[in-house]
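Load the model in your viewer and keep the selection tool at hand. The stops below go residue by residue, then to a helix pair.

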Amino acid sequence: MKLHETTESIYLFIRSYMLSSDGRPPTIRDIGQGIRPEQPLSCSLVNHHLNHLEEFGLIERVPMPDRRKRVIHLPGAHFEPPPMPELG
């Protein structure tokens, strides 16, 4: 099965972003603005394409304690999740 053009663009953007930012993944907003700066993709549309990338096994999203945030991980790449915040 072939990736949709936008899905492929998002995957390439994520790889490029992580290489240029010492492995830090982009936010959904970063992706939307990076793919189409003149009219950024909506967060829901970016999330839709990220779901497809997960289905294809090209990315992994790791849920974080704050349920609004997920860290994108490229399988096979070295990755250490951010430290857990201390409670209390």
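In which helix does threonine 7 lie? Select threonine 7: this residue is part of helix α1. Bear in mind throughout that the model is predicted.

Is threonine 7 buried or exposed? Its relative accessibility is 2%, and buried means under 20%, so threonine 7 counts as buried. Now show what surrounds this side of the chain. Neighbours within four places in sequence aside, threonine 7 has contacts with His49, His52 and Leu53.

Next, select helix α1, residues 5-20, together with helix α3, residues 43-55. The two helices pack with their axes 9 Å apart, at an angle of about 85°. Angles of 65 to 115 degrees count as roughly perpendicular, which means that α1 is roughly perpendicular to α3.

To see the contact itself, display Thr6, Thr7, Ile10, Tyr11 and Ile14 on α1. On α3, add Val46, His49, Leu50, His52 and Leu53. Colour the residues of this contact by type: 6 are nonpolar, 4 are polar and none is charged.

Go back to helix α1 and pick phenylalanine 13, which also lies there. Which residues does phenylalanine 13 touch, not counting those up to four places away in sequence? They are Pro26, Asp30, Ile31, Gly34 and Ile35.

As a last step, draw a distance between the C-alpha atoms of phenylalanine 13 and glycine 32. The separation is 9.9 Å, for two residues that are 19 residues apart along the chain.

Technical notes:
Residues are numbered from 1 along each chain as its sequence is written. This is a predicted model: local features need pLDDT of at least 70, side-chain atom pairs count only at pLDDT 80 or more; totals for chains, interfaces and linings use all residues. Side-chain values use heavy atoms; hydrogens and water are left out. Axes are lines fitted to C-alpha atoms, for helices over the stretch in contact, and angles run from 0 to 180 degrees between N-to-C directions. Helices (H or I, at least four residues) and strands (E, at least two) are DSSP runs, numbered from the N terminus. Angles under 35 degrees count as roughly parallel, over 145 as roughly antiparallel, 65 to 115 as roughly perpendicular and the rest as oblique. Contact means heavy atoms within 4.5 Å. Ala, Val, Leu, Ile, Met, Phe, Trp, Tyr, Cys and Pro count as nonpolar, Asp, Glu, Lys and Arg as charged, and the others, Gly among them, as polar. Buried means under 20% relative accessible area, exposed over 50%, partly exposed in between (1.4 Å probe, protein chains only).
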